[in-house]
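The following exercises are to be worked through with the sequence and the 3D structure at hand. Each task is followed by a solution in steps.

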Amino acid sequence: MESVLLVSSSEKAGESLAQLLRAASYTDITTLGSGAAARRALLDGGFDLILINAPLSDEFGHELSISAAQAGSSGVVLIVKSELADDVSAKVEEFGVLVVPKPVSRAFFYQSIKLVCATRRRILNLEQENVKLQNKIEEIRLVDRAKCVLIQYLHFTEAQAHRYIEKQAMDRRVTRREIAENVLRTYEM
C-alpha cells in the first residue's frame, strides 16, 4: 500500500487529482492545502508519493518539491501550468522532481505516476544494495583488523590468521565478523 501526500490549494483540483489517484488504486491519500501544512506532514511521516499542484496558497511549490525530494526517498511530482513547465523543470529536475504540465490528461497522469513509482522502487533497491555493501566493507575491515591483531600478538602469518578466523567461524557456525569481534575484544583490551 503506497501512501500519497496531495498538496493543492484548489479544492476542486485537489479532489480531481484524488479521484485520479483512487482510480489508480491509491487509497491512502492525505490531502493538504498549503506548503506549510505539507512540510509539517513530511516531518511526521514519510510518504511514498508526493503530488504538488502549484501554485499553493503560501508559496509556489517548487521549494516544497525540492525539500520533499531531498528529505527522503519519496517520488515527487510537481504539477504546473504548461507555459511554466520548462522553467520550473530546469530548477527542480536535478533534485529528482518530475514536472507535469497542466492541463493533465488522464493517460499522461497515470504514465507519470507509474514512472515516478518505478524510479522510486529502483532507488530503494539501490539503497538496500548500498547498505549491504557497506556492511560487507565493515566486515572486511573488522576481519583485517583481527588478522593484524593475531599477527601482532600470536605471531601468525597473514595466511595463518586468515585460516584461523575462517576455521573458527565454520567450527562455531557463526560469521567471520563475530569471530573477528571476539578476537578484537580479547586482544585489544
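**Exercise 1. Cis peptide bonds**

In which loop is the place of proline 103? Determine also the geometry of the peptide bond that joins lysine 102 and proline 103, and examine proline 55 likewise.

Solution. The model under study is a predicted one.

Step 1. Proline 103 sits in the loop that runs between strand E5 (97–102) and H5. The bond joining lysine 102 and proline 103 is cis, with omega at about -5 degrees.

Step 2. Proline 55 belongs to the loop between E3 and H3. The peptide bond from alanine 54 to proline 55 is again described as cis, its omega being near 0 degrees.

Step 3. For context, most peptide bonds are trans.

**Exercise 2. Positive phi outside glycine**

Locate serine 25 and histidine 155, state the phi of each, and decide whether each side of the comparison is buried or exposed.

Solution.

Step 1. Serine 25 is in the loop between helix H1 (11–23) and strand E2 (28–32). Phi of serine 25 is positive, near 75 degrees, and the residue is not a glycine.

Step 2. With 59% relative accessibility, serine 25 passes the cut-off of over 50% and therefore counts as exposed.

Step 3. Histidine 155 follows just after H5 and is placed in the loop between H5 and H6. Phi of histidine 155 is positive, about 60 degrees, although the residue is not a glycine.

Step 4. Histidine 155 has a relative accessibility of 65% and therefore counts as exposed.

Step 5. As background, most residues other than glycine have a negative phi.

**Exercise 3. The span of helix H5**

Compare the expected span of the 49 residues of H5 with the distance between its end C-alpha atoms.

Solution.

Step 1. Helix H5 comprises residues 106–154.

Step 2. The expected span is 1.5 Å times one less than the number of residues. For the 49 residues of H5 this gives 72 Å.

Step 3. The end C-alpha atoms of H5 are 71 Å apart, which agrees with the expectation.

**Exercise 4. Salt bridges**

How many salt bridges does the structure hold? Analyse the pairs formed by arginine 39 and glutamate 59, by arginine 176 and glutamate 166, and by lysine 167 and aspartate 171.

Solution.

Step 1. The structure contains 10 salt bridges.

Step 2. In one of them, the side chains of arginine 39 and glutamate 59 meet at 3.0 Å, N to O. Arginine 39 is in helix H2 (residues 35–44), whereas glutamate 59 is in the loop between strand E3 (49–53) and helix H3 (62–71), so the pair ties together parts 20 residues apart in sequence.

Step 3. Arginine 39 is partly exposed, at 31% relative accessible area, whereas glutamate 59 is buried, at 17%.

Step 4. The side chains of arginine 176 and glutamate 166 meet at 2.8 Å, N to O. Because arginine 176 lies in helix H7 (residues 176–187) and glutamate 166 in helix H6 (residues 158–172), this pair ties together parts that are 10 residues apart in sequence. Both partners are partly exposed: arginine 176 has a relative accessible area of 21%, and glutamate 166 one of 24%.

Step 5. Lysine 167 and aspartate 171 form a salt bridge at 3.0 Å, N to O. These two residues are 4 residues apart in helix H6, which means a separation of about one helical turn. Lysine 167 is partly exposed, with a relative accessible area of 37%.

Step 6. Glu139, Glu166 and Arg176 are joined into one network by salt bridges that share partners.

**Exercise 5. Aromatic pairs**

How many aromatic pairs does a search of the whole structure find? Classify the pair of tyrosine 153 and tyrosine 187 and that of phenylalanine 156 and tyrosine 164.

Solution.

Step 1. The search yields 3 aromatic pairs.

Step 2. Tyrosine 153 and tyrosine 187 are 5.7 Å apart, centre to centre, with 20 degrees between the planes; the pair is stacked. Tyrosine 153 is in helix H5 and tyrosine 187 in helix H7, and the pair links distant parts of the chain, 34 residues apart.

Step 3. Tyrosine 153 is partly exposed, at 42% relative accessibility, and tyrosine 187 is partly exposed, at 27%.

Step 4. For phenylalanine 156 and tyrosine 164, the ring centres are 5.9 Å apart and the planes stand at 65 degrees, so this pair is edge-to-face. Phenylalanine 156 is partly exposed, with a relative accessible area of 23%; tyrosine 164 is partly exposed, with 30%.

Conventions. Residues are numbered from 1 along each chain as its sequence is written. This is a predicted model: local features need pLDDT of at least 70, side-chain atom pairs count only at pLDDT 80 or more; totals for chains, interfaces and linings use all residues. Side-chain values use heavy atoms; hydrogens and water are left out. A salt bridge is a side-chain nitrogen of Lys or Arg within 4 Å of a carboxyl oxygen of Asp or Glu. Buried means under 20% relative accessible area, exposed over 50%, partly exposed in between (1.4 Å probe, protein chains only). Rings of Phe, Tyr and Trp (its six-membered ring) pair if their centres lie within 6.5 Å; planes under 30 degrees apart count as stacked, over 60 as edge-to-face and the rest as tilted.
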